[in-house]
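Take a look at the structure below. This report walks through its parts, a few at a time.

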Amino acid sequence: MIDVELLAPAGDLSRLKFAVKYGADAVYLGGKFGLRASAAIKDDSLEDAVAFAHSNNKKVFVTLNIFARNDDFEEIKNYIKNLEQLGVDAVIVSDLGVLKLVRKTTTLDVHISTQANVLNKYTAQEYADLGAKRIILARECSIGEIKDITSHLKGQCEIEVFVQGAMCVSYSGRCMLSNYMTNREANRGECAQPCRYKYALVEEFRKSQAWSIEEDTHGTYIMNSKDLCLINHLEELASSGVKSFKIEGRMKSDYYVAATVNTYRRALNGEKLDFIKEIDKIPHRPWTTGFVFRENDHLFTEHSNQISSHEVVAMCLGGNKIVQRNVFCEGDELEILSFGKNHNKTFKVLSIKDEQGQNIKRANKASAIYYLDTDTLEPDEFLRKKII
């Protein structure tokens, strides 16, 4: 058993509920001033989000980590007062002016965003002295540096690290490519992820000709990072003094959130599973341990494709009722993703009925309701089938 907070992404109220159900201790979500504008929870849903989390004894942290401009501050002031009234547990900030505003006008706890690029104990100490409750370290920190920081702080300020998810090609997210190429400002929530694009070499006087930078059947993705995965290193990170393990993914699906949180919760609980095999079932790019162990772990991958050993085919509504996500057929063997005892149980699909009670051989209508020949499924479990 590893006693460290498991912090999960919540791109909307539905994903928040899956994160909580599958074992998160806390969730982080975006609003008006976070770095994932398209995964922001609207003001009229924030109250429901906080109420649901608190009713399940979970905490809610709200991202407030844009690179703020002068004319943002009046609206930010009103926004944080509303967050305080709703009972939000903390805000995640990267800007010193925003930090001071939150401390001066509210009683909200402040977490320092990874966007602040904290890499050393001296900067960490300054943020602690300014009243920060927690610091989310830059992804570029090694485990030795993490230990130095936690040892120096002596409990004055909690330390949080990312353990899972997509990594940015730029230094802890400080990227300008999106601004230049799409006129969408990455550091104000609108990153278009141009680092994932396919690139070629063009010579000044031969602009109609493009050459691959490197021969490859998939193309050339010179800035495309692997995904971070530290599932096999949680004890080392916990012993370094880290108090919270953070999963990236507010843009990801409810299935991704449920499956990833489930895997990390079971690892923290000390269950005996092959956790790399578990995490390989979830769509991802090739894995890396990033900068944590300072190994010669090549950070970049040769393609932008998502890979996984399994594909989700349905979400369970309880009993034998499911809602379809991907095609499956009579005779397929399905595996259950569960927050409970059904986890990893498999069964063969002997029959499928549609809503009219007609037997069908192939479930191929997106979001359609079907009935299987089993009555053991729990609401909010998922069904998946092996594809590799």
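In β4, Val91 is the bridge partner of Val62. This pair belongs to a predicted model. Start here and work outwards.

**Around strand β3**

Strand β3 covers residues 59–64. Four bridges link β3 to strand β4, residues 90–93. The two strands run parallel. On the way from strand to strand there is a helix. β3, helix α3 (residues 73–86) and β4 form a β-α-β unit, and this unit is right-handed.

β3 also pairs with strand β2, which spans residues 26–30. Here five bridges join the strands, and they too run parallel. Gly30 faces Thr63 of β3.

Is β3 enclosed or open to the outside? Five of its six residues are buried, so the rest of the structure largely encloses this strand.

**The eight-stranded sheet**

Now turn to a sheet further along the chain. In what order do its eight strands lie? The order is β17-β16-β22-β13-β14-β21-β18-β19. The sheet is open, and its pairing is antiparallel. Strands β17 (346–348) and β19 (359–360) form the edges, and each of them pairs on one side only.

What holds such strands side by side? Strands of a sheet pair through backbone hydrogen bonds, and the pairing can be parallel or antiparallel.

Look at β16 (333–337) in this sheet. Four of the five residues in β16 are buried, leaving the strand mostly covered. Three bridges connect β16 with β17. Three bridges also connect β16 with β22. Both pairs are listed below, along with the link at the other edge.

| Strand pair | Bridges | Direction | A facing pair |
|---|---|---|---|
| β16 and β17 | three bridges | antiparallel | Glu335 and Thr346 |
| β16 and β22 | three bridges | antiparallel | Leu337 and Phe382 |
| β18 and β19 | two bridges | antiparallel | Lys353 and Asn359 |

The last row concerns β18, residues 352–353. In that row, Lys353 stands opposite Asn359 of β19.

A helix lies over part of this sheet. Helix α9 (residues 254–268) crosses β13 (310–318), β16 and β22 (382–386). Its direction makes an angle of about 85 degrees with β22.

**Helices that pack together**

α9 also has a helix partner, α1. The axes of α1 (residues 13–21) and α9 come within 8 Å, crossing at roughly 20 degrees. That angle makes α1 roughly parallel to α9. The crossing is right-handed. Which residues meet there? From α1 come Ser14, Arg15, Phe18 and Ala19. From α9 come Asp254, Val257, Ala258 and Val261.

α1 packs with helix α2 (residues 43–55) as well. The axes of α1 and α2 lie 10 Å apart, at an angle of about 10 degrees. These helices are therefore roughly parallel to each other. On the α1 side, the contacts use Leu13, Leu16, Lys17 and Val20. On the α2 side, Asp48, Ala49 and Phe52 take part.

**Three single residues**

Ala51 sits in helix α2. Why does Ala51 count as partly exposed? Its relative accessible area is 46%, and the partly exposed class lies between 20% and 50%. The C-alpha atom of Ala51 is 8.6 Å from that of Gly87, although the two residues are 36 residues apart along the chain.

Lys154 is found in the loop between α6 (143–153) and β7 (158–166). The phi angle of Lys154 is near 50 degrees, a positive value in a residue that is not glycine. Lys154 counts as exposed because its relative accessibility is 71%.

Ser367 also has a positive phi, about 70 degrees, and it is not a glycine. Ser367 belongs to the loop between β20 (362–363) and β21 (369–372). With 57% relative accessibility, Ser367 counts as exposed.

**The whole chain**

Step back to the full protein chain. How many helices and strands does the chain have? There are ten helices and 22 strands. The chain has 388 residues, and 52% of them are buried. Now consider the contacts with a separation of 6 or more. Of these, 67% join residues 24 or more positions apart.

Terms used:
Residues are numbered from 1 along each chain as its sequence is written. This is a predicted model: local features need pLDDT of at least 70, side-chain atom pairs count only at pLDDT 80 or more; totals for chains, interfaces and linings use all residues. Side-chain values use heavy atoms; hydrogens and water are left out. Two strands pair if DSSP finds at least two bridges between them. Contact means heavy atoms within 4.5 Å. Axes are lines fitted to C-alpha atoms, for helices over the stretch in contact, and angles run from 0 to 180 degrees between N-to-C directions. Buried means under 20% relative accessible area, exposed over 50%, partly exposed in between (1.4 Å probe, protein chains only). A crossover is right-handed if, with the strands pointing away from the viewer, the path from the first strand over the helix to the second runs clockwise. Angles under 35 degrees count as roughly parallel, over 145 as roughly antiparallel, 65 to 115 as roughly perpendicular and the rest as oblique. A crossing is left-handed if the near helix is turned anticlockwise from the far one by less than a right angle, and right-handed if clockwise.
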